[in-house]
Amino acid sequence: MKTGHSPRRAKSLTFLSAALLVLFATGCGRQYMVLDPAGPVGREELHLIVMSAILVGIVIIPVLILLFYIVWRYRDKPGNTAPYTPKWSESKGLEVVWWGIPIVIVGVLGAFTAKTTFALTKPPAESADVTPITIQVTSLDWKWLFQYPGQGIATVNYAEIPTGVPIQFELTSDAPMNSFWVPQLGGQEYTMPGMAMRLWLEADKAGTYYGHGANFTGAGFAHMDFNVIATSDSNFEAWVKQVKASSPALTKAGYAQLKEPSVIGTKSYSSFPPGLFNGTIWADGGQYMPNMMNQTGSPLKAGIHTNSTGVGSGDSMSGMSNMTNMSAMSATGTSSSQK
Amino acid sequence: MPSGFMQFADKYLMWKEGPMIWGSDVAILLVSIGIVFVLTYFHKWKWLWREWITTVDHKKIGIMYLICALLMLFRGGADAELLRTQLAIPNNHFLSAEHYDQIFTTHGTIMILFMAMPFIFALFNIVVPLQIGARDVAFPYLNAISFWLFFFAAMLFNLSFVFGGSPDASWVSYPPLSELGFDPGPGENYYLLALQITGIGSIATGINFLATIFKMRAPGMKLMHMPLFTWSTVAACVVIIFAFPALAIAIALLTLDRIFGTHFFTILHGGNPMMFVNLFWVWGHPEVYIVVLPAFGVYSEVVATFARKRIFGYSSMVASLMLISVISYFVWAHHFFTMGAGADVNTFFAVASMLVGIPTGVKVFNWLFTMYRGRIRMTLPMLWTIAFVPCFAIGGATGIMLAAAPADYQYHNSYFLIAHFHQVLIGGVVFGMLAGMYYWWPKMFGFKLDERLGRWAFWFFNIGFYVCFMPQYALGFMGMQRRMYTYPADMGWNTLNLISTIGAYIMAIGFVFIVIQVLYSVKYGERDLTGDPWDGRTLEWSLPSPAPHYNFAVIPTVTSRDVWWELKEQGRTDELKPKAEDIKPIHMPKNSARPFFMGLAFFVAGFGFVFDSMWLGFLGLAGVVACLIARALEYNDDYHIPVHEVVETEATLGRLG
């Protein structure tokens, strides 16, 4: 588990970031989003990126130096006095060295990778005591719909979040598979029809963060950008109030229109049809995955009973990011009871 | 004009698509007329039919693969230049989104399946039988079928550009995007059927060469005497045999979805798109090892020859080849860490992916220490090999970085990934194939490719490569995703994209130099009269260039690794020259036109199914079956070259001992 920001850790991070600064002479400005994280998830990932860059550097820099030295030293020029041993082709000692070094490096990097992989499936440790917010994200052709089940509002192509609060993004798609990526907050995860995936992100600085779909979905794909705007708690509350007061409601007909392939700007909605997110998952294939439907532990229990098919098995279908369950689902998939 | 014709012209000939299609139509027409004219004017039709189309000779099939690979390198490269031109500046309108999507789809598909694959098959065919002292492959007739399946599949795939429309769901072609609901039209069908047809040929090639190497080595050649290129062929063939069926299944099921209305991968009715993604990469990841392992084989041959030194750590080299081919099956999920597998699954695939780096790293060190205390001659094959080392080392390093699953969440589908795989595929595969082409060119054609023009090509291509792809790593860190046809001006991506495009143009100049080099060398290239222009080490250099039809008049007996080098050192090369009294009639396979017609039948079937025309599709398949039956009833498919003919040939070559 992550232990937060010990001074030693912070120091090593500073040092590593400085190393990367040298790597990119232009510096880690706002442009190098991945290298300029604004939240704990992105920072954790950057830490692993820097760590792996250094570990592989330990191997390839000597290789490059060795290559240039050898090619220069043993070139075939008259008068080259370097030794020439055409039959020398075995050395147990040397071979042990270069089987050994990569094994050690892969061991170290593998251990770090495992640790980070497991850590990132949980909400950021820094704010373990803060109640998380859930935002349900649906990728459409070619726009992003954000629903706030706790707040009862919805937006298109932008999302506001409070700083210092872990956000649980629940991801699905009502169109071809996409990928939800906000580089400065952290890594991406696929949005897939018929299932909900879970991605924890958090911003600890106020700001506007660029996001974009990362998995190709056709002609309008290049225009699937959105902003995640992080503000203080009070600003966030004010924004929610304002959206509730001044924006139209998202109706079923409105959603049907959103679903049509198009490229549009941002929108805000004061409410959305109950059970829209889960109903979408259900209709797009969730109905064939009863095990997934029965998963519990979701912070959200939206009205699955109102979904269009009217089948009400499992009212708590939600964030599922476990392959073992998924394969179980596909095994039993088509045997589920449905109309 | 009748309205029916106008409809046809719009729907299938795509006349409304604009000048790019018109230009291609005109170019195809002119080239076709040109080819027909030249063949007729020089009375070459019979020659083409007898010497090439009906041949089952591995050397000629290899040359045909090579020509196709170079043509496809041109097509895929032209696609790349169009893509980079579109991305040179923000908000560009050079290509529309639809055209851009089609072009990156065909670029990826062609480069992997119709450029890299035939290129490695070219070298398998040209080199392996000669290296192991065989007169042909185990199944020469099947070998011809493999080639013609590839050829007609490539034709079918390329036809989509001017007839009906290109595929546009990317080379990975994930459903549901590639399902009928989101992607109507024939483009995606072209992709599926062309890949299916060429895939059958590839599996057959894998089986063919494995059988050849295991059963047809010269007497005395133990497995651990085999040249490393032959070993790399073994490793690649094993991977082909186990990986390609997964692709065949994946695209067959998707084809059924699209053409017969099944629901394997659809959103509705219980389909599961994730299964396609898994199956695709169960093939897709091993596929990159299929193409890079033979390149490793080339480097091993080239380094030993031009450092004039035995390959360092031969047993380690063999072990690492085989290790890579095994590990390659346990890494496929690293192409979709972000698809939501659990932390345990991701950790397994992350560590497995890093493990590949270990045997690969060992190979790099062994190549370096082959050069160490050698005498390095800077010939063209050696230049490309030396350029490969830093390029592949950096590409491999970023590969290990990508393997760290949580970090991959930040690289996935970004330009960092694009830079990485181009670096390993160009730096690893293309450099290796070019090195192999330069190295074995004299063996194929009897002359060397011009050194000076080759150096120009080398430097343009290499400098262009770094200018093109290094900025893309940075663009990935800046959040730029792959497959965007355009980008806004305020992202800070402009300069690096422009630099990258300039790099792509410089690489194109490099390619043009290769073309000029080939044309120039046909006339002025240094002739190879000895058969051993590089002072080589392995058996193929004991033969004249080009080798006679039957390769070895008398099959040599092999007693060691680097047998030709050993004999030269001991002054015993005459032992490999045939003596008239030792020559016996040589058993050879007869030429056959059937592989060509079988490929044609597959083409007809594929074309029919592309346009949902069942009668044409099944007619084509009936043609395939007819070819199979005709072959089954054929008893007279071989002949013997009489002794006097062999003696005469050898005498003309001045080789009778």
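This report describes a predicted model with two chains, A and B, taking the chains in turn and then their contact.

## Chain B as a whole

Chain B is built from 20 helices and two strands. Its radius of gyration is 25 Å, close to the 26 Å that the globule rule gives for 657 residues, so chain B is as compact as a globular protein of that length. Along the principal axes, the C-alpha trace of chain B spans about 75 × 60 × 45 Å.

Of the 657 residues of chain B, 58% count as buried. Contacts between residues at least 6 apart in sequence were also examined in this chain, and 83% of them join residues at least 24 apart.

## A helix pair in chain B

Two packed helices are described by the angle between their axes and the distance between the axes. In chain B, helix H6 (residues 140–159) and helix H18 (residues 594–610) have axes that come within 8 Å and cross at roughly 35 degrees. The crossing of H6(B) and H18(B) is right-handed.

From H6(B), the residues that take part include Tyr141(B), Trp148(B), Phe151(B), Phe152(B) and Met155(B). On the other side, H18(B) contributes residues including Pro595(B), Phe596(B), Phe602(B), Phe603(B) and Phe607(B). Gly599(B) and Gly606(B) of H18(B) also belong to this contact. By class, the contact of H6(B) with H18(B) holds 16 nonpolar residues, two polar residues and no charged residues.

## Local features of chain B

Asp612(B) sits in the loop between H18 and helix H19 (614–632) of chain B. Although Asp612(B) is not a glycine, it has a positive phi of about 55 degrees. Asp612(B) counts as partly exposed because 13 other C-beta atoms lie within 10 Å, a count between the limits of 12 or fewer for exposed and 20 or more for buried.

A cis peptide bond links Ser545(B) to Pro546(B), with omega near -15 degrees. Pro546(B) is located in the loop between helix H16 (494–524) and helix H17 (563–569) of chain B.

## Chain A and its annotated regions

Chain A has eight helices and 11 strands. Of its 339 residues, 44% count as buried. Among the contacts in chain A between residues at least 6 apart in sequence, 71% join residues at least 24 apart.

An unreviewed UniProt entry annotates residues 46–72 and 93–114 of chain A as "transmembrane region". In the model, residues 46–72 of chain A are 100% helix and 0% strand, with end C-alpha atoms 38 Å apart. Residues 93–114 of chain A are likewise 100% helix and 0% strand, and their end C-alpha atoms are 31 Å apart. For residues 130–242 of chain A, UniProt lists "domain: Cytochrome oxidase subunit II copper A binding", again from an unreviewed entry. Over residues 130–242 of chain A, the chain is 9% helix and 53% strand, and the end C-alpha atoms are 24 Å apart.

## Loop residues of chain A

His223(A) lies in the loop between strand E9 (207–213) and strand E10 (225–231) of chain A. His223(A) is buried because 20 other C-beta atoms lie within 10 Å, and 20 or more is the condition for that class. Leaving aside neighbours within four places in sequence, His223(A) is in contact with Trp142(A) and Val263(A). His223(A) and Trp142(A) are 81 residues apart along the chain, yet their C-alpha atoms are separated by 7.2 Å.

Trp142(A) is itself a loop residue, placed between strand E1 (133–140) and strand E2 (143–148) of chain A. The peptide bond that leads from Asp141(A) to Trp142(A) is cis, with omega near -10 degrees. Another loop, between strand E3 (153–156) and strand E4 (158–162) of chain A, holds Asn157(A). Asn157(A) has a positive phi of about 65 degrees although it is not a glycine. Asn157(A) counts as buried, with 20 C-beta neighbours inside 10 Å.

## The contact between the chains

The contact takes 77 residues from chain B and 79 residues from chain A. On the side of chain B that touches chain A, the elements that give two or more residues are helices H5 (97–132), H10 (314–327), H11 (343–371), H12 (380–403), H13 (405–411) and H15 (451–477). The largest share of this side, 17 residues, comes from H11(B). By class, the residues of chain B that touch chain A divide into 47 nonpolar, 21 polar and nine charged.

Note on methods: Residues numbered from 1 in each chain as written. Chains lettered and ligands numbered in written order. Predicted model: local features only at pLDDT ≥ 70, side-chain atom pairs only at ≥ 80, totals over all residues. Contact = placed C-beta atoms within 7 Å. Helix = DSSP H or I, 4+ residues; strand = E, 2+ residues; numbered from the N terminus. Nonpolar A, V, L, I, M, F, W, Y, C, P; charged D, E, K, R; others polar. Axes fitted to C-alpha atoms, helices over the stretch in contact; angles between N-to-C directions. Left-handed = near helix turned anticlockwise from the far one by under 90°. UniProt positions renumbered as here; feature names shortened; annotations may be inferred. Rg over C-alpha atoms; globule rule 2.2 N^0.38 Å.
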